[in-house]
Amino acid sequence: MTIEVRPAEVFDDVRTLVGPKRDDASVCWCLSYRIPSTINNKMRGQERGEFVRDLLASGPLGVLAYEADEPVGWAAVAPRADTTFARNRKIPHVDDLPVWSVWCIRVRPGYRGKGISHALIEGAVDFARDRGAPAIEAYPLDNQGAKVDLTMAYAGIRKNFEAAGFTWAADTTSVLAGHPRILMRRDLT
């Protein structure tokens, strides 16, 4: 299997990874950390998809992994200042660098366990580096080898970020699915 990671620019491909199975469903669309909760919580059904379509008009929202031309994975990545992590009380800032954040890794069923999440993390790093990021942060689960509910695995797990050269930078007070999240960082200079 050959995986290629590209900027997430094609709406239908983004929808394949983070959109709903039914057009009227109010699922995440990976907006929870991208926009203020007051805006996020008001949108219903197709409004969310149209909001993502409008955001894509300004540029990629992250990266997608492709097998041939089939989208099989997604990673959300953006400047931290453009996300709710800029104001998140549970995830600390370790310094004033204008870091980027990667906060969601998703691989489609049927493609999991094939290293795609590793390719997505590296693709997110390259995406941020190519756009001038001095460093990139992630906020994965520190599950210490315990099984993670796939619904909450979107944050990634510590060992996958360690494999990509990220190191622990700080503890957080954020917990997902019973696992603490940590702040990990990779220098890009």
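**A friendly note on the sheet and its helices**

1. Let's start in the middle of a strand pair: Ala138 has Met184 of β7 as its bridge partner. This is a predicted model, and the points below walk outward from that pair. Strands β5 and β7 run antiparallel to each other, joined by four bridges. Met184 turns up again on the β6 side, where Trp168 stands opposite it. Most of β7 is covered, with seven of its nine residues buried.

2. β6 and β7 are also antiparallel partners, with six bridges between them. The two strands make a hairpin with two residues in between, and Ala177 in that turn has a positive phi of about 50°. If you are scrolling through the model, this turn is a handy landmark.

3. Now for the whole sheet. It is open, has seven strands with mixed pairing, and follows the order β1-β2-β3-β4-β5-β7-β6. Which strands stand at the edges? They are β1 (residues 3–7) and β6 (residues 167–176); each has a single partner strand, so one side of each lacks a neighbour in the sheet. From one strand to the next, the twist averages 25°.

4. On the β1 side, β1 and β2 pair in the antiparallel sense through five bridges, and Pro7 stands opposite Val63 in β2. β2 pairs with β3 as well, again antiparallel, over six bridges. One pair to look up here is Ala65, whose bridge partner in β3 is Gly73. The hairpin of β2 and β3 has two residues between the strands, and Ala68 there takes a positive phi near 60°. β2 is mostly covered: five of its six residues are buried.

5. Strands β4 (residues 100–107) and β5 (residues 135–138) run parallel, and three bridges join them. Within this pair, Ser101 has Glu137 in β5 as its bridge partner. Helix α1 (residues 11–18) packs on the sheet and touches β2, β3 and β4, with its direction at about 95° to that of β3. Helix α4 (residues 116–130) packs on the sheet too, touching β1, β2, β3, β4, β5 and β7; its direction makes about 150° with that of β4.

6. Cys104 deserves a look of its own. This cysteine lies in strand β4. Is Cys104 buried or exposed? Its relative accessibility is 7%, so Cys104 counts as buried, the cut-off being under 20%. Setting aside neighbours within four places in sequence, Cys104 is in contact with Cys30, Trp74, Ala75, Ala76 and Tyr154. Met152 is 48 residues away from Cys104 in sequence, and their C-alpha atoms are 9.8 Å apart.

7. Helix α3 (residues 46–56) has a buried side made up of Arg48, Gly49, Val52 and Leu56. Why do these buried residues line one face of the helix? Seen down the axis of α3, they fall within an arc of 95°, so they share a face. The general background is that an α-helix has 3.6 residues a turn, so residues three or four places apart point the same way. The buried residues of α3 pack against α1 and α2 (residues 37–42), while the face turned away from them carries the exposed residues Gln46 and Asp54.

8. Asn160 sits in helix α5 (residues 158–163). At 14% relative accessibility, Asn160 counts as buried. Not counting residues up to four places away in sequence, Asn160 touches Ser117, His118 and Ile121.

9. Finally, the chain as a whole. Its secondary structure comes to five helices and seven strands, running β-α-α-α-β-β-β-α-β-α-β-β from the N terminus. The radius of gyration is 16 Å, close to the 16 Å given by the globule rule for 189 residues, so the chain is as compact as a globular protein of that length. The C-alpha atoms fill a box of roughly 40 × 40 × 35 Å along the principal axes. Buried residues make up 48% of the 189. Of the contacts between residues at least 6 apart in sequence, 65% join residues at least 24 apart. The accessible surface comes to about 9500 Å², with 49% of it belonging to carbon and sulfur atoms.

Note on methods. Residues numbered from 1 in each chain as written. Predicted model: local features only at pLDDT ≥ 70, side-chain atom pairs only at ≥ 80, totals over all residues. Heavy atoms only, no water. Pairing = 2+ DSSP bridges. Axes fitted to C-alpha atoms, helices over the stretch in contact; angles between N-to-C directions. Contact = heavy atoms within 4.5 Å. Buried < 20%, exposed > 50% of the residue type's maximum accessible area, 1.4 Å probe, protein only. Arc of directions from axis to C-beta. Rg over C-alpha atoms; globule rule 2.2 N^0.38 Å. Areas by Shrake-Rupley, 256 points an atom, 1.4 Å probe, with all protein chains shown as cover.
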